[in-house]
Amino acid sequence: MKYKVIIAGLIISGLLTSCQDLGEEYFDTPAQSTLDEQLIFSTAGLAQGAVDGIKVSFGEEQSYRGRLLTYQGLNTDTEWLLASSSDNAKSDLVVYDAKADNTEMNSAKNAWAMMYEGIERANLCIRGLRKYGNPLPNTAMGQLLGEALALRAIYYADLVRNWGDVPARFEPVATSTIYVPKTSRDEIYKQLIADLGEAANLVAWPNETAATTSTERINKAFVKGFRARLAMMASGFQQYSDGVRRSTDPALSVGTMYKLALDECRAVIASGSAHLEPTFEGLWRKFNQENIAAGGESLWEIPFAATRGRVLFTFAVRHDASDQFQQMGTNKGGVNGPLPFVFYDYDQADSRRDVTCVPYKWGAVVNGKAKQELTDLQTWYFGKYRFEWMNRIVTAPNDDGVNKIYMRYAEVLLIAAEAANELEGPGSAAIYLKEIRRRAFASGSQAVKVDAYVDGLTSKQTMMNAIIEENKYEFTGEMERKFALMRWNLLKAKLDEAKIKMARLKARSDEYATVPSTLYYKYKADNTTLEVYGLNRGETQAQGADYTSKSWDKLDDNKITTLYKAGVNPDKRQFWPIWQTFIDGSNGQLVNDWVFGN
């Protein structure tokens, strides 16, 4: 059974602080507890309950569960909100036109508040464990301190990548620190990187101890991989008040941060404690089956209880009705999806293509069962998330309880490739890129698709271009692409390229000239799943009478042009504004200024 975050109310009451009437991200001094702080943090079982409580904030309705994960990372050159062309508060969040009074986000219990709630819980645990727990490496208390440090870093990292500069508190809130202004993200990055360095010395490798047998617990492979990710972000391009640039802080220079990232990735790789799953489809079947055994590809997952979490509810292949695979109700999944050209950008032999991009939904129910039904060219779904791959039938109306993979081993390999290419050249990067591609292609294709392809990348620039493309093929649907594009200084450029690609696909010109405009389909012997001809380039021959034809050319101009809002420069709207309720409750300390540039 999956480990779920359950924490006793007694411990919660002993650690949480009382909220002020000014937005729930602000706290005063700790509330009086029936359990003394010293008792909690000198007793392993109670201390673990307190650290588990840090994760509760992920699952609140307007936190990661129902807000942050739904919109974070959209729209990109591979992923979009399928209703992006709608003019409403939801689409504003992803078309780079969010306002501080956005009705989807501007509430006192929004993700912003819940993330600071999680940070405050982490601060209390960190203080208590340092003071009373004797948290040494290779001890239970050391593991717990490392987990608390890592969980706090997760909240802060997600605040920074969505809002830029944010208030920073690394101690429990006191009366004097209720109201604080934004802190430079450079300072936050440096603190997080230091914290994760400490955490890496405290937590165990996957499966090294009983505490690290699950992907829902923090382990050393994740901490090192996450530290590498933050090093790349901290040294990468991002929007500052004076434009899009790299940090000018010498401590966050490319040379320093890329070396740190490469060292951490190589340590994870050398440990043998994690690995790519043998097949790409197997990875995602394992995920949907809720297999949380550590030591595979998933390094850490945001844990959701069965009554929390809307990952499939939001991202899965769409189900029009309750059917043989899900009993949540009508119109589940299919809120977001891949851009229509992504399927055609994959090599036809790439096994990731048909897992990532799905051109059908599950339609009306007849005699208790639904069939697959083709959609249209502009409506694709993320096949990484499928109710039909689950081992259970979800019955809750809004929450499927499936975790969110926060980081996987494939990212460690691609960070290693990028950092090695920059510091040592394409020859050093090749080994990591080959490992990624070797899984994607069958053995008979690897001489050409893996070895010859990678060996032909003989300059830093050609290798970097290939890494950028590989990131697309590997991670579409995981909503990480936007943040990579930002640090590569490619956000607007790639969005503009995506709009051009969609226009070419619609016209069947240039690289999409051989994409068929008609599909032919029939049902297999099970009378449920589709057999389709015409999805692959060049499949233009009319099929027999047992096939039904379908036009495959619907791609509306307003879908293409609203990837981001007209008149807006995404490079000047990289971050969301701080929501108005938190500005109003900040005693004048918080403002939205440069994030609203055009």
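**Cavities**

Start with the enclosed voids: the count comes to 8 cavities of 30 Å³ or more. A cavity here is a set of points, on a 1 Å grid over the protein atoms alone, where a 1.4 Å probe fits but cannot get out. Grid points are joined across faces, edges and corners, and a volume is the space filled by probe spheres set on the points. This is a predicted model: local features need pLDDT of at least 70, side-chain atom pairs count only at pLDDT 80 or more, and totals for chains, interfaces and linings use all residues. Residues are numbered from 1 along each chain as its sequence is written, and side-chain values use heavy atoms, with hydrogens and water left out.

Go to the largest cavity, with a volume of about 280 Å³. Select Arg-229, Glu-411, Asn-471, Glu-480 and Ala-484, which lie nearest its centre among 23 lining residues. Lining residues have an atom within 4 Å of a point. Now colour α9 (220–235), β12 (404–408), α15 (409–424), α18 (460–475) and α19 (481–487): each supplies at least two residues of this lining. β12 gives the most, with 5 residues. Helices (H or I, at least four residues) and strands (E, at least two) are DSSP runs, numbered from the N terminus.

What is the make-up of the lining of the largest cavity, by nonpolar, polar and charged residues? The split is 12 nonpolar, 1 polar and 10 charged. Ala, Val, Leu, Ile, Met, Phe, Trp, Tyr, Cys and Pro count as nonpolar, Asp, Glu, Lys and Arg as charged, and the others, Gly among them, as polar.

**The loop between α18 and α19**

Select Glu-478, found in the loop between α18 and α19. Is Glu-478 buried or exposed? Glu-478 counts as buried because its relative accessibility is 6%. Buried means under 20% relative accessible area, exposed over 50%, partly exposed in between (1.4 Å probe, protein chains only). Add Phe-382, 96 residues apart from Glu-478 along the chain; their C-alpha atoms are separated by 9.1 Å.

**The largest pocket**

Next, the largest pocket, with a volume of about 490 Å³. Centre the view on Asp-354, Pro-359, Tyr-360, Gln-372 and Leu-530, the closest to its centre of the 21 residues that line it. A pocket is an open set of points with protein on both sides within 12 Å along at least five of seven lines. Show α14 (352–356), β8 (357–358), β9, β10 and β14 (530–533), which each supply at least two lining residues. This lining holds 11 nonpolar, 3 polar and 7 charged residues.

**Two hairpins**

Stay with β9 (residues 360–366) and β10 (residues 369–374), which pair in the antiparallel sense over 5 bridges. Two strands pair if DSSP finds at least two bridges between them. Pick Tyr-360: it stands opposite Leu-374 in β10. Lys-361 has Glu-373 as its bridge partner. The hairpin has 2 residues between the strands, and Asn-367 in the turn has a positive phi of about 55°.

Move to β13 (residues 518–523), joined to β14 by 4 bridges, again antiparallel. Tyr-523 is the bridge partner of Leu-530. With 6 residues between the strands, this hairpin includes Asn-527, whose phi is positive, near 60°.

**Cores and cysteines**

Select the largest nonpolar core, of 130 residues; Trp-112, Ile-154, Trp-163, Phe-222 and Phe-226 have the most contacts inside it. Such a core is a set of buried Ala, Val, Leu, Ile, Met, Phe, Trp, Tyr and Cys residues joined through side-chain atoms within 4.5 Å. Helix α7 (residues 140–163) gives the most to this core, with 15 residues. Apart from it lies another core, of 44 residues, among them Cys-357, Tyr-473, Trp-488 and Trp-552.

Stop at Cys-357, buried at 2% relative accessibility. Cys-265 is also buried, at 0%. The disulfide count, by cysteine sulfur atoms within 2.5 Å, comes to 0.

**α4 and beyond**

Turn to helix α4 (residues 61–71), where 9 of 11 residues are buried. Among them are Tyr-64, Arg-65 and Arg-67. Gly-73 follows α4, with a positive phi near 85°. Then find the peptide bond from Leu-74 to Asn-75: it is cis, with omega near -15°. Asn-75 lies in the loop between α4 and β3 (79–81).

**Two positive phi values to finish**

Tyr-96 has phi near 65° and sits in the loop between α5 (89–92) and α6 (111–132). Tyr-96 is buried, at 5% relative accessibility. Asn-587 has a positive phi of about 60°, in the segment after α22 (580–584). Asn-587 is exposed, at 56%.
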